[in-house]
Amino acid sequence: PKAAASPSQPPPPIEDLYTSLNRHIQRSEFTQAVKVANQVLSVAPGDEDAIRCKVVALIKADKIEEALSAILSSQKVSFDFSFYKAYCLYRQNKLDEALEVLGKQDKTQPSMLLESQILYRLGKMDACVDVCRNLQKAKIDSLEINLVAGLISAGRASEVQGTLDAIKTKATSSFELAYNIACSLIAGNKLKDAEKLLLTARRIGQETLTEENLADDDIEIELAPIAVQLAYVHQLLGQTQEAAGAYTDIVNRNLADEPSLAVAVNNLIAVKGPKEISDSLRKLDRLKEKDSQKFELARAIDLKLSPKQKETIYANRVLLLLHANKMDQARELVAVLPEMFPDNVMPLLLQAAVLVRENKAGKAEEMLGQFAERFPEKSKIILLARAQVAAAAGHPQIAADSLAKVPDIQHMPATVATLVALKERAGDINGAAAVLDSAIKWWKTAMTEGDQLSVVMREAASFKLRHGKEEEAAHLYEELVKSNGNIEALVGLITTVAHANVEKAEAYEKQLKSLPGLKGVDVDALEKTSGAKPVDGASRAGLAEAQEDGKTKEKPKKKRKRKPRYPKGFDPANPGPPPDPERWLPKRERSSYRPKRKDKRAAQVRGSQGAVVRDKNEPSASATNSNTSNLKSNQATSSKGVSQSAEPSRPQSKSSRKKSRK
């Protein structure tokens with residue numbers, strides 16, 4: 001007979017459950033804390049403290065999805081879980097939703113700190129800096145680290161030192177702050193100072209983390225950003241081999257956090273350039289999702305890199321694919337980049353690069369032109385790229401029109417020279433002259449120091465003289481002579497005016513200084529001569545001696561006679577018979593060659609009477625069959641060889657491949 005079922009045990013008192021819950025929290029046993037919190041909720045459904053402990057324990061255990069579900073299932077509770085919900089959305093990289101949830105909550109220190117982190121992740125650096133400045137009065141630990149990071153990312157690195165002075169904080173107060181300030185020095189191009197501060201940050205970090213009893217590998221992971229940044233400084237200083245070695249060591253050891261590893265891989269590829277393309281593509285494959293067939297950054301990397309860093313990695317991937325001539329993959333990747341980076345122009349430039357590589361320069365010009373018309377605030381770099389594409393494709397007029405639409409560089413000498421060359425190539429001489437006149441007008445009214453005006457005027461005069469506009473060229477040369485007395489302009493003025501007004505040219509010619517050493521030369525007698533005549537070697541030598549005017553004659557150097565080198569064992573006293581002069585000719589071309597006689601006995605009849613005599617050159621049937629079979633065999637072998645060579649070779653296995661590559 002079956003035993004009777006025992007009655008269910010009563011739940012422990014709620015006080016004991018909270019004691020157990022507190023013990024698990026103190027020991028950081030968050031999974032057990034969640035179980036105990038569920039027991040409390042089974043006894044007292046809707047208990048706010050139990051729900052809060054459960055949510056925080058799930059967040060601490062990195063179970064963000066479960067924590068968010070617990071928050072959504074507790075809508076009837078009076079406690080406001082908006083902050084925890086915003087944090088969960090932030091951890092899921094749903095940044096806009098998280099910011100919207102925070103906007104409905106009162107401004108508290110935790111919410112403002114979270115808001116600054118969300119704004120930093122969104123790339124809204126100025127707003128992030130404003131929030132951090134509002135928190136300065138709260139005296140939050142390590143707030144200055146986030147503030148300096150926001151200033152650097154916002155392009156305001158010059159304000160870092162003033163901010164530190166205002167809050168009375170030293171750069172070496174922590175290794176994180178020293179690292180961030182070194183980044184600000186890099187932004188200010190103070191590379192040597194940045195290198196020293198990074199070395200100091202590494203030393204402080206090793207001391208601090210060793211005192212916290214961290215393992216050596218954990219310390220190396222924590223200090224990996226400093227190592228990568230040091231290598232980047234060496235790269236900027238031109239020490240490419242040292243930088244490449246540091247990047248390679250970081251990548252091979254694989255003891256860096258995901259963002260530092262991604263930056264090291266990208267910078268190593270940038271140092272190598274188009275060399276070892278296959279190895280560079282394999283290194284980039286380490287950064288993508290393992291299960292994804294397409295190139296997509298792993299989630300851990302994607303969450304921690306800034307938009308600018310991710311954009312750089314994707315751009316380098318496309319450029320490597322173009323160098324490797326993998327057009328299908330490049331075309332597939334550039335198609336998804338506009339959705340990933342909607343506010344940047346880099347995806348459009350990469351699409352244009354793919355089209356140019358496919359010999360579709362006209363389509364690239366059309367696409368860039370349409371974008372410049374729709375987004376004039378982003379049109380500068382697009383128009384410059386369109387001008388480059390058009391100039392390389394042999395469309396000078398389109399290139400000139402694109403450059404002319406960038407107003408803030410029209411007066412620059414380099415732009416003026418490029419526009420004039422493009423219009424001249426397109427046959428628009430009047431348009432080129434108008435560009436020069438406009439540049440001269442701008443520099444005349446500009447309150448700047450330098451000789452840009454004289455440079456532009458001199459080139460304009462030379463251009464107009466070259467295209468038959470002597471009067472305008474003479475006017476420009478005359479202005480140059482009157483303004484600064486330029487000798488080159490004076491020579492150009494004399495040359496130009498001499499064609500129309502000889503007297504005026506002679507008047508300006510008197511302003512030229514006489515050259516030293518030409519006082520004793522009779523110019524009239526020199527003009528009446530028929531020119532220089534060629535002289536023989538003796539006369540030339542005599543003329544050279546006369547021009548020396550008593551200078552010491554240089555003695556000709558004596559050539560040292562070298563003894564001839566003979567073959568080993570050769571006696572020059574007894575050379576023996578001379579070698580055959582025809583030894584280099586083929587035997588049949590030598591005079592001593594005698595051809596062999598033909599064998600007349602080969603034509604004699606052999607065998608019995610009545611036998612058919614065959615010609616020696618006529619092959620027998622068996623020989624014919626044999627040759628035919630050999631020919632087919634050779635053909636088959638050749639055919640087989642061709643098919644084998646045409647077959648694509650298999651990719652090498654991973655073990656057989658050699659490892660090598662802001």
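Here are a few questions and answers about this predicted model.

Q: Which helix has the lowest confidence in the protein chain, and which the highest?
A: Overall, the chain averages a pLDDT of 81, and 81% of the residues score at least 70. Helix by helix, the picture splits: the lowest mean, 34, belongs to H33 (residues 621-646), while the highest, 95, belongs to H14 (residues 224-236). So the lowest is helix H33 and the highest is helix H14.

Q: How many contacts does the stretch of residues 615-662 have beyond near neighbours in sequence?
A: Over residues 1-7 the pLDDT is below 50, and that stretch has zero contacts beyond near neighbours in sequence. Residues 615-662 also sit below 50 in pLDDT. Beyond near neighbours, though, the model gives residues 615-662 some contacts, and the count is 22.

Q: Which helix gives the most residues to the largest nonpolar core?
A: That core holds 76 residues, and Leu284 is one of those that touch the most other members. Leaving out residues up to four places away in sequence, Leu284 touches Val265, Ile269, Phe295, Ile313, Arg317 and Leu320. As for the helix, eight residues of the core come from H11.

Q: Why does Val491 count as partly exposed?
A: Val491 lies in helix H29 (residues 487-497). Together with Ile487 and Leu512, Val491 makes a nonpolar surface patch of about 230 Å². Partly exposed covers the range between under 20% (buried) and over 50% (exposed). Val491 falls in that range because its relative accessible area is 41%.

Key:
Residues are numbered from 1 along each chain as its sequence is written. This is a predicted model: local features need pLDDT of at least 70, side-chain atom pairs count only at pLDDT 80 or more; totals for chains, interfaces and linings use all residues. Side-chain values use heavy atoms; hydrogens and water are left out. pLDDT is the predictor's confidence in each residue, from 0 to 100. Helices (H or I, at least four residues) and strands (E, at least two) are DSSP runs, numbered from the N terminus. Contact means heavy atoms within 4.5 Å. Patches are made of residues with over 30% relative accessible area and no salt bridge: like charges are joined within 9 Å, nonpolar side chains (Val, Leu, Ile, Met, Phe, Trp, Tyr) within 5 Å. Accessible areas come from the Shrake-Rupley method with a 1.4 Å probe; for residues, only the protein chains shown count as cover. A salt bridge is a side-chain nitrogen of Lys or Arg within 4 Å of a carboxyl oxygen of Asp or Glu. Buried means under 20% relative accessible area, exposed over 50%, partly exposed in between (1.4 Å probe, protein chains only). A nonpolar core is a set of buried Ala, Val, Leu, Ile, Met, Phe, Trp, Tyr and Cys residues joined through side-chain atoms within 4.5 Å.
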